[in-house]
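Open the model in your viewer and keep the selection tool at hand. The tour below goes from one selection to the next and says what is there.

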Amino acid sequence: FETNYDDCWLRYERVDDDELRTSYRQRLSHAYVSEGAPELGAVRAELGRGFEGLLGREPHLWQHPPRSIERFLVIGHPEEMRPISETIDPDEIWTLAEDGYVIRTVEWEEHECTVVTAPSDRGLVYGTFHLLRLLALGEPIDDLDIVEEPANNSRILNHWDNPFRRSVERGYAGQSIFDWERLPDLRERYVDYARLLASLGINGIVPNNVNTGIPSRPTANDAVAERAGWQLLESENLEKVEALASVFRRYGIRTYLSVNYAAPIRLGGLETADPLDPEVQQWWQDKADEVYDVIPDFGGFLVKADSEGQPGPYDYDRSHAEGANVLAEALEPHGGRVWWRAFVYSEHDDRAVQAYETFEPIDGEFHENVTVQIKNGPIDFQQREPISTLFGAMPETDLGCELQLTGEYTGQGVHATYHVPMWKEILEFDTYADGEGTPVKDVLADREGQGIAGVGIVGEDPNWTGNYLLQSNLYGFGRLCWDPDLTAEEITDEWVRQTFGHDETVVETVSDMLLESWDACIDYHTGGLGLMHMMYNGEAALENHYDPAPEEWPEYVGATGDGIGVDRTSSGSGYAAQYRAPLTDLYDDPETCPEELLLFFHHLPWEYELPDGTTVVQRLYDNCFDGVEAVRELRARWNGLEGRVDDRRYRHVAERFDEHVVQAERWRDALCAYFYDHSTVADENGRVPR
Ligand code: GCW
């Protein structure tokens, strides 16, 4: 029996304002929830749990609208809640996006009803969680009129979890929650994870790593090939996948799988995986048919091909479009989709230019049910990157944006780095794809095959995310996928209140801490002028990418005796030239290039003067020191909450902050020493040893 893990933002603590609680009880204690779909079972269960916590009692569930009761709650499709639904124009519901919903206070005969209605079962789940959130946030519900539709059609989590071995690549919260040895036996934890995701509107999950374990060329990782993700497509494992899918399905979440491009060889015994080979095409079709026999609402395949040793169409001299389309054709009759990653690079002078060079020329060649999934930036989830040029370059292709929840480069679950401000910057960035005013969020939104994918963050740790505060990254990711117009402040306030309650000192302190944490992280990890990728690349997966090692990656940093940074202008590696016109000019000129990306685009003299008269090298020193100061400040603010946050959570986070400070200092010292070694310019304030 597993109850030894945290409820996260679904704590449902008692509403302590008497007036509010009374009003909630009056309106919601009696409920009529229509029956039928499995999702409605999830709705009832959640109402029971939520009201018991928030209001101190489970709702009284009726089989019919209770005529003797003055005020009650109604949840169901319009036709299942007649005659009450006649108070709402049915067209309004049926024209909503499939996952949309309405929450409205209506008068029916002499009753006042709180109605949650939607065109789909999934919408009812989302509407119910929204209602519960209102209560947890202490919002009035006397006169509700909420109409919600998700901006992004697909809102998917990608787990980099290695099946059977239960390790999580770049995971910092313990082993994988998915126990493939025991499946199809289910764990309560799957249900609770599904609840967390559904409360945010996440509608897809890929439970296995994109590294599926059969390298196309021999690599140091060969051992990985043995029991790994590629095996989930084996007939005897599909039953396990279906068991997992059956849990997520109740919460409106479709299950996908990462698949290996060489599956026809490894699983099918064919000689080749050439996408133009008829036998290969047939194999994928048969496999897709089999998968859908077992998992009728299967979402589709996620593929990492020709990337970091994974096999792909390049093994057969075929393009990525040819590679993706064979899978797409197999999934198409079943309504499935291929999510094809654009994360490709190899030996190249500047890796940043490669994804665009590979994918832009084949825009328009992908089947309709292929989505090209692009990491937010051209390198790899660095602390801050410019936007991937592909978002403005593939109008004929469905695009997905891949964000990283787990903190591979932002402190790996030790540092409390909140990613929402970064994601806001990404989603609001104007690509000029369709003239001025085409931010990434609009490029992605409102197109059926598009959406946002996030690299997951949870593991078996009781607090799910390693550092308790990082639950906020899962929360914020889901909320932004649903509505990228929400501000970072709004999302943060929601998370803190649901997680820590309504003590205003706590709400304000934790919110400010989270909102400021990303800036600090950039400063001590990079110096804040657009440098990146200065981490240690150890052998053991767990130590990788955590410690500073700027010397290890000279081509990413561009430090020489006379300057620092990488020339990615139109006359350099050409990355800047891949943007739409005004951006190219902006980045090409060091005078107009935003300071925070200056050294990403330019190699500049150490003593190049910034607009305020400070030199580049001095600014790097200053930012590194400011970053550490900021982390100390975060720690001090957290420590000020002792006694206001329960002891267990207080101490856990406080310990993490002690380590966070130590690590930030190590980064600062390593970077400053490196800058000094190459520049031999002393820190004006004498802080950097000479
Ligand atoms: O840079 C890398 C990460 C790998 C990851 C890869 C990817 C899943 O360090 O761990 O592999 O990105 O996104 O495919």
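**Stop one: C672 and its helix**

Select C672, which lies in helix 20, residues 647-679. The model is predicted. C672 is buried, because 21 other C-beta atoms lie within 10 Å and 20 are enough to count as buried. Now show Y621, C624 and V688: C672 touches these residues, leaving aside those up to four places away in sequence. Add T526, which is 146 residues from C672 in sequence, while their C-alpha atoms are 10.0 Å apart in space.

**Stop two: helix 19 against helix 20**

Keep helix 20 and add helix 19, residues 616-639; the two pack at about 175° with axes 9 Å apart. Angles over 145 degrees count as roughly antiparallel, and helix 19 and helix 20 are therefore roughly antiparallel to each other. The contact of helix 19 with helix 20 has 17 nonpolar, four polar and four charged residues.

**Stop three: helix 6 against helix 8**

Select residues 235-250 for helix 6 and 278-294 for helix 8; their axes come within 9 Å and cross at roughly 40°. Helix 6 and helix 8 are therefore oblique to each other, and their crossing is right-handed. To see the contact, show S235, L238, E239 and E242 on helix 6, with E290, V291 and V294 on helix 8. By class, the residues of this contact of helix 6 with helix 8 are three nonpolar, one polar and three charged.

**Stop four: the ligand**

Which residues surround the ligand? Select W160, E169, R170, V210, N211, K304, S307, E308, F343 and D380. This shell around the ligand has three nonpolar, two polar and five charged residues.

Stay on E308, a residue of the ligand's surroundings. E308 sits in the loop between strand 12 (300-303) and helix 9 (320-331). Its phi is positive, about 50°, although E308 is not a glycine. E308 is partly exposed, with 14 other C-beta atoms within 10 Å.

**Stop five: backbone exceptions**

Most residues other than glycine have a negative phi, and most peptide bonds are trans. Go to R166, in the loop between strand 8 (161-162) and strand 9. R166 has a positive phi near 65°, and R166 is partly exposed, with 17 other C-beta atoms within 10 Å.

Next, select R82 and P83, joined by a cis peptide bond with omega about 5°. P83 lies in the loop between strand 3 (71-75) and helix 3 (90-94). Finish at L183 and P184, where a cis peptide bond has omega about 10°. P184 is in the loop between strand 9 (167-168) and helix 5 (188-198).

Conventions:
Residues are numbered from 1 along each chain as its sequence is written. This is a predicted model: local features need pLDDT of at least 70, side-chain atom pairs count only at pLDDT 80 or more; totals for chains, interfaces and linings use all residues. Helices (H or I, at least four residues) and strands (E, at least two) are DSSP runs, numbered from the N terminus. A residue is buried if 20 or more other C-beta atoms lie within 10 Å of its own, exposed if 12 or fewer, and partly exposed in between; C-beta atoms are placed from the backbone. Two residues are in contact if their C-beta atoms, placed from the backbone, lie within 7 Å. A residue is near a molecule or strand if its C-beta atom, placed from the backbone, lies within 6 Å of it. Ala, Val, Leu, Ile, Met, Phe, Trp, Tyr, Cys and Pro count as nonpolar, Asp, Glu, Lys and Arg as charged, and the others, Gly among them, as polar. Axes are lines fitted to C-alpha atoms, for helices over the stretch in contact, and angles run from 0 to 180 degrees between N-to-C directions. Angles under 35 degrees count as roughly parallel, over 145 as roughly antiparallel, 65 to 115 as roughly perpendicular and the rest as oblique. A crossing is left-handed if the near helix is turned anticlockwise from the far one by less than a right angle, and right-handed if clockwise.
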